[in-house]
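Student: Could you take me slowly through one part of this structure, the interior, and tell me which residues meet there and how they are joined?

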Amino acid sequence: VEIGKEIYEAIKDNQPVIDTTVDWAGAVPQGVTNWTQLENWQGPAQTDGYYIEFKNGLGKKLTKFSWRFVWKYGGDMGGVGKYVTQAGVDIDTAYAYLSEHLDVEVKSLKPVNYGTSTAPVGGVDVQVSVSSHGLFEKTTKVCTMTVKGDGTSALGTCEHGTFGHDGEAVVV
């Protein structure tokens, strides 16, 4: 069962608006309404860093957002299962040139059991959507990471790196 927030903003109009006390997601056993009902939590775990950067046709940086996926793991109920809580992002950099706007939304997708019915391993996909826009066009790139109750993670579809004003990847 999913707990926490399904969708929240991390950056809104160039300003950080994330509140890590409430802006997170988790995967816990059915009937649990609060992650504190479980015990033996470990972590937080974190991934390597990711970034999405947009440049104009002259190579000038317009916007950049860099982050790591973070989560606590290993929580169990009476010694059974490994679950996830406080899954979200840890922001490293949020930059926008004067004429640009940077917005970042974080969304958690429905939790999945990566274990068995007798030894469940909860997991949740955390999806980061980074939007950059100036006066005329808006471009959005998305990166998804699966975080699991055993402390592991798996990169899903992820558009990360440097992109030109047309949204196409730039070789750097």
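Tutor: What follows is a close look at the interior, beginning with the nonpolar core and ending with the disulfide. Please keep in mind that this is a predicted model.

The largest nonpolar core has 28 residues, and those that touch the most other members are F65, W67, F69, V104, V128, V130 and V147. Several strands contribute to this core, since at least two residues come from each of β2 (7-12), β6 (50-55), β7 (61-77), β8 (80-96), β9 (101-108), β11 (122-133) and β12. Among these contributors, β7 gives the largest share, with 5 residues.

To see what such packing looks like around one side chain, take F65, which, leaving aside residues up to four places away in sequence, touches I11, Y50, Y51, I52, I91, T93, A94, L102, V104, V128 and V130. Separate from this core there is another one, made of 7 residues and including I3, W24, V32 and Y83.

We can now turn to the covalent link, where a search of the whole structure finds 1 disulfide. C143 and C158 form this disulfide, with their sulfur atoms 2.0 Å apart. The two cysteines belong to distant parts of the chain, C143 lying in strand β12 (residues 138-148) and C158 in strand β13 (residues 153-158), which places them 15 residues apart. The angle about the S-S bond is -95°, and the link of C143 and C158 is left-handed. As for their surroundings, both C143 and C158 are buried.

Terms used. Residues are numbered from 1 along each chain as its sequence is written. This is a predicted model: local features need pLDDT of at least 70, side-chain atom pairs count only at pLDDT 80 or more; totals for chains, interfaces and linings use all residues. Side-chain values use heavy atoms; hydrogens and water are left out. A disulfide is a pair of cysteine sulfur atoms within 2.5 Å. Helices (H or I, at least four residues) and strands (E, at least two) are DSSP runs, numbered from the N terminus. Buried means under 20% relative accessible area, exposed over 50%, partly exposed in between (1.4 Å probe, protein chains only). A nonpolar core is a set of buried Ala, Val, Leu, Ile, Met, Phe, Trp, Tyr and Cys residues joined through side-chain atoms within 4.5 Å. Contact means heavy atoms within 4.5 Å.
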